[in-house]
Amino acid sequence: MFTKVITFYSHFTPTRTAANCPFYLAVPTLASVKHHTPNMNFLRKAATTGAMGLVPRNGRPTILRHSSHFVYQPDAKPPVEGPTQKMNMFQAINQAMDLALEQNESALVFGEDVAFGGVFRCSMGLQKKYGKQRVFNTPLCEQGIAGFAIGVANTGAKAIAEMQFADYIFPAFDQIVNEAAKYRYRSGNLYDCGSLTFRAPCGAVGHGACYHSQSPEAYFAHTPGLKVVVPRGPNKAKGLLLACVRDNDPCIVFEPKTLYRAAVEEVPVAAFESPIGKADILRAGTDVTLVGWGTQIHVLQEVATMAKQQLDVSCEVIDLVSILPWDKETICNSVKKTGRVLIAHEAPLTNGFGAELAATIQEECFLHLESPVLRVTGWDTPFPHVFEPFYIPDKHRCLAGIRKLIDY
């Protein structure tokens, strides 16, 4: 006899049991799920995608537990030659800001709690090294942070502003899209905010719920004048942040917070830049193109392996890296080769950035397509707490999508 086990995720504790962890729910059969939790249509759909597992029932159910919904895949080699150091992603970001402050005396780092290192420790040690005049806390006011950053950037200084969570960037939305993005245009190129960079931790983390898990990149991708990037690990985080600091347009770096400690790579010690607007082909393939960014790219790399082993399907995996501008040439060339494409992101389906990719692929690659463009994304609901495993586009949902593309 078997019992269904719903597995929930948290990156803090490696193991828990049903007795002491409220995030677990074990029920005898799928049919009985509706008697145990609210919002059962959500759970019943999730059960069909592999979010639940079968385990023997010997008096007490066995609890399955996973620390995250992805397996981190480090880059095969550093992006540039030279000495390297093993770093996680927050350490790579810290080093990038250290280099920016060292190389430009006008550079400032500021935001909520950044003086002691920030809630994710990304700015740790910088105030001690560069002083309170260059690394400092701000009031808890995102609109004020953005307004101050715009003013600083307009004087020619390098402004690196942290939004403590991407979910809290919305009070600053008007300042960013109506002021920073338009400053060069409305002044006839007399003034600009080209030395302005916003950092914002984003995405699912296992326990963040609706105010600490969102992926708002699509909101800003609709704004001419901004550049938006999302790193997949330490090398990309350092290279993209330094590229943004030196760019001539205001930039936003959305940093997947679950990667701050989970992502570890050999990172070049010297300063280097990763190109904005250029996607990376991480795995060559011939049958299906898989496109994602941030944490999702690690899900897709695992899915590509599963597709080869289980379906004998060869997948090409592309990290979009840059949301605005995005690399149309790389994506379209891949789709023309494979004839099938799956786009995956954590943000909701409707008007997620995957919709822009899908529209362009339809326009540019229509005669090459063997099946419709498929998106596997978050659902059109607020980001849930305990139901997070059923919300995110995990490997099971993505693999089911590949089956659908192949069987079309």
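**Close-up views of a predicted model**

**View 1. Helices H2 and H8 run roughly parallel to each other.** Everything in these legends comes from a predicted model, so keep that in mind as you look around. The angle here is about 25°, and because angles under 35 degrees count as roughly parallel, this pair gets that label. H2 covers residues 89-103 and H8 covers residues 234-245, and their axes sit 8 Å apart. The crossing between H2 and H8 is right-handed. So who touches whom? On the H2 side you'll find Met89, Ala92, Ile93, Gln95, Ala96, Met97, Leu99 and Ala100, and they meet Pro234, Ala237, Lys238, Leu241, Leu242 and Val245 of H8. Sort the residues of this contact by class and you get 12 nonpolar, 1 polar and 1 charged.

**View 2. Helices H11 and H12 are oblique to each other.** H11 takes up residues 328-338, while H12 takes up residues 353-365. The two pack at an angle of about 60°, and their axes are 10 Å apart. H11 goes past H12 in a right-handed crossing. From H11, the residues at the meeting point are Lys328, Ile331, Cys332, Val335 and Lys336; from H12, they are Thr360, Ile361, Glu364 and Cys365. This contact is made up of 5 nonpolar, 1 polar and 3 charged residues.

**View 3. Phe120 is a buried residue in a loop.** Look for Phe120 in the stretch that links strand E6 (108-111) to helix H3 (126-130). How buried is Phe120? Its relative accessible area is 16%, and because buried means under 20%, Phe120 makes the cut. Now find Lys257: along the sequence it is 137 residues away from Phe120, yet in space the two are 8.2 Å apart, going from C-alpha to C-alpha. Lys257 is also one of the contacts of Phe120 once you set aside neighbours within four places in sequence. The others on that list are Phe90, Gln164, Phe165, Pro201, Tyr260 and Arg261.

**View 4. Thr258 is another loop residue that counts as buried.** Thr258 belongs to the loop between strand E11 (251-256) and helix H9 (259-262). The relative accessibility of Thr258 is 9%. Which residues does Thr258 touch, not counting those up to four places away in sequence? They are Phe70, Ala204, Val205 and Thr295.

**View 5. Five strands make an open sheet with mixed pairing.** Trace the 5 strands in the order E13-E15-E14-E17-E18. At the edges are E13 (280-283) and E18 (374-378), each of which pairs on one side only. On average, neighbouring strands in this sheet are turned by 25° against each other, ignoring direction. Helix H10 (residues 296-311) packs on the sheet and touches E13, E14 (288-292), E15 (315-319) and E17. The direction of H10 makes about 175° with that of E15.

**View 6. Strands E14 and E15 pair in the parallel sense.** There are 5 bridges between E14 and E15. You can pick out Val291 opposite Ile318 of E15, and Thr289 opposite Glu316 of E15. In a regular strand, side chains alternate between the two faces of the sheet. Check that on E14: Val288, Leu290 and Gly292 point one way, Thr289 and Val291 point the other way, and all are buried. That puts 5 of the 5 residues of E14 in the buried class. What about E15? All 5 of its 5 residues are buried too, so E15 is largely enclosed by the rest of the structure. Cys315, Val317 and Asp319 cover one side of E15, with Glu316 and Ile318 on the other.

**View 7. The two edge strands, E13 and E18, each have a partner.** E13 runs antiparallel to E15, with 3 bridges joining them. Here Ile281 stands opposite Ile318 of E15, and Ile318 is the residue that Val291 faces as well. Over at the other edge, E18 runs parallel to E17 (residues 341-348), and 5 bridges join the pair. To spot one of these bridges, look for Ala344, whose bridge partner in E18 is Val376.

How values were computed: Residues are numbered from 1 along each chain as its sequence is written. This is a predicted model: local features need pLDDT of at least 70, side-chain atom pairs count only at pLDDT 80 or more; totals for chains, interfaces and linings use all residues. Side-chain values use heavy atoms; hydrogens and water are left out. Axes are lines fitted to C-alpha atoms, for helices over the stretch in contact, and angles run from 0 to 180 degrees between N-to-C directions. Helices (H or I, at least four residues) and strands (E, at least two) are DSSP runs, numbered from the N terminus. Angles under 35 degrees count as roughly parallel, over 145 as roughly antiparallel, 65 to 115 as roughly perpendicular and the rest as oblique. A crossing is left-handed if the near helix is turned anticlockwise from the far one by less than a right angle, and right-handed if clockwise. Contact means heavy atoms within 4.5 Å. Ala, Val, Leu, Ile, Met, Phe, Trp, Tyr, Cys and Pro count as nonpolar, Asp, Glu, Lys and Arg as charged, and the others, Gly among them, as polar. Buried means under 20% relative accessible area, exposed over 50%, partly exposed in between (1.4 Å probe, protein chains only). Two strands pair if DSSP finds at least two bridges between them.
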